[in-house]
Amino acid sequence: MRSQKPPVPPQQPENEPPGDQHRDSQEIINNLKLGAVAAACGGLGYAGSVAHAIPYVGPAISGVAGAIVGASAGASLASVMPGQRIKTGALLGAISGAIVGASGGGTLAGNVAMGVAGATAPYGLLLAVFSGAS
């Protein structure tokens with residue numbers, strides 16, 4: 001004779017507490033906000049490059065915009081490199097960004113480069129400013 005075990009009732013899925021759903025939706029909202037800020041900053045970098053066409057002051061505007069977005073891109077890149085020399089990356093990025101903005105602004109390559117670098121501004125500039133804080 002076989003001993004029969006009583007059938008195991010199917011497990012009921014545990015309901016997630018309402019706090020988990022709220023936390024997940026809040027995380028999605030925060031990611032969307034960060035994405036919107038990055039897109040806006042990328043647009044500002046692009047606009048800085050396009051400003052190169054303004055007579056007399058255009059290259060200077062593009063150079064300043066290039067320095068800002070270059071500093072953020074340099075700090076972002078330095079944060080993933082060995083040694084994490086964030087301030088050095090920001091400085092080199094600012095110099096090269098100013099050169100790209102002042103000389104190559106208004107070209108397709110300059111517009112793309114400054115737009116992409118501008119998208120790093122929320123992360124890169126905060127990283128550069130607070131890299132020395134402990």
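## A walk through a five-helix model

Start by selecting A75, I86, A90, L127 and A128: these 5 residues form the largest nonpolar core. A nonpolar core here is a set of buried Ala, Val, Leu, Ile, Met, Phe, Trp, Tyr and Cys residues joined through side-chain atoms within 4.5 Å. Buried means under 20% relative accessible area, exposed means over 50%, and partly exposed is in between (1.4 Å probe, protein chains only). The elements that give two or more residues to this core are α3 and α5.

Before moving on, a note on what you have open. This is a predicted model, in which local features need pLDDT of at least 70, side-chain atom pairs count only at pLDDT 80 or more, and totals for chains, interfaces and linings use all residues. Residues are numbered from 1 along each chain as its sequence is written, and side-chain values use heavy atoms, with hydrogens and water left out.

**Zoom out: the whole chain**

Colour by secondary structure and you get 5 helices and 0 strands, in the order α-α-α-α-α along the sequence. Helices (H or I, at least four residues) and strands (E, at least two) are DSSP runs, numbered from the N terminus. Of the 134 residues in the protein chain, 31% are buried. Now think about contacts, meaning heavy atoms within 4.5 Å. Among contacts in the chain with a separation of 6 or more, 75% are between residues 24 or more positions apart.

**Stop one: α2 against α3**

Select α2 (58-79) and α3 (residues 86-104). How do you describe such a pair? Two packed helices are described by the angle between their axes and the distance between the axes. The axes are lines fitted to C-alpha atoms, for helices over the stretch in contact, and angles run from 0 to 180 degrees between N-to-C directions. For α2 and α3, the axes come within 5 Å and cross at roughly 150 degrees, which makes α2 roughly antiparallel to α3. The cut-offs are under 35 degrees for roughly parallel, over 145 for roughly antiparallel, 65 to 115 for roughly perpendicular, and oblique for the rest.

The crossing of α2 and α3 is right-handed. Handedness works like this: left-handed if the near helix is turned anticlockwise from the far one by less than a right angle, right-handed if clockwise. Show side chains on α2, including G63, G70 and G74, and on α3, including G89, G93 and G97, for some of the residues that meet here. By class, this contact has 10 nonpolar, 10 polar and no charged residues. For those classes, Ala, Val, Leu, Ile, Met, Phe, Trp, Tyr, Cys and Pro count as nonpolar, Asp, Glu, Lys and Arg as charged, and the others, Gly among them, as polar.

Click on A71, which is in helix α2. Is A71 buried or exposed? A71 is buried, with a relative accessible area of 14%. Leaving out residues up to four places away in sequence, A71 touches A90, G93, A94 and L125. Draw a C-alpha to C-alpha distance from A71 to K87 and you should get 8.9 Å, for a pair 16 residues apart in sequence. Next, pick A90: with the same four-place exclusion, A90 touches A71, G74, A75 and A128.

**Stop two: bring in α5**

Add α5 (residues 121-130) to the view. The axes of α2 and α5 come within 7 Å and cross at roughly 75 degrees, so these two helices are roughly perpendicular. On the α2 side look for I68, A71, S72, A75, S76 and S79, which meet A121, Y123, G124, L125, L127 and A128 of α5. That contact has 8 nonpolar, 4 polar and no charged residues.

Now hide α2. The axes of α3 and α5 come within 9 Å and cross at roughly 125 degrees, so the pair is oblique. This crossing is left-handed. I86, K87 and A90 of α3 make the contact with L127, A128 and V129 of α5, and by class it has 5 nonpolar, no polar and 1 charged residues.

**Stop three: loops and one last residue**

Select R85, in the loop between α2 and α3. R85 counts as exposed at 63% relative accessibility. Its C-alpha is 9.8 Å from that of A128, 43 residues away along the chain.

Jump to Y56, in the loop between α1 (18-50) and α2. Y56 is exposed, with a relative accessible area of 84%, and its phi is near 70 degrees, a positive value in a residue other than glycine.

Finish on S49 in helix α1. S49 counts as buried at 0% relative accessibility. Beyond its neighbours within four places in sequence, S49 is in contact with S62, G105, G106, T107, G110, N111 and M114.
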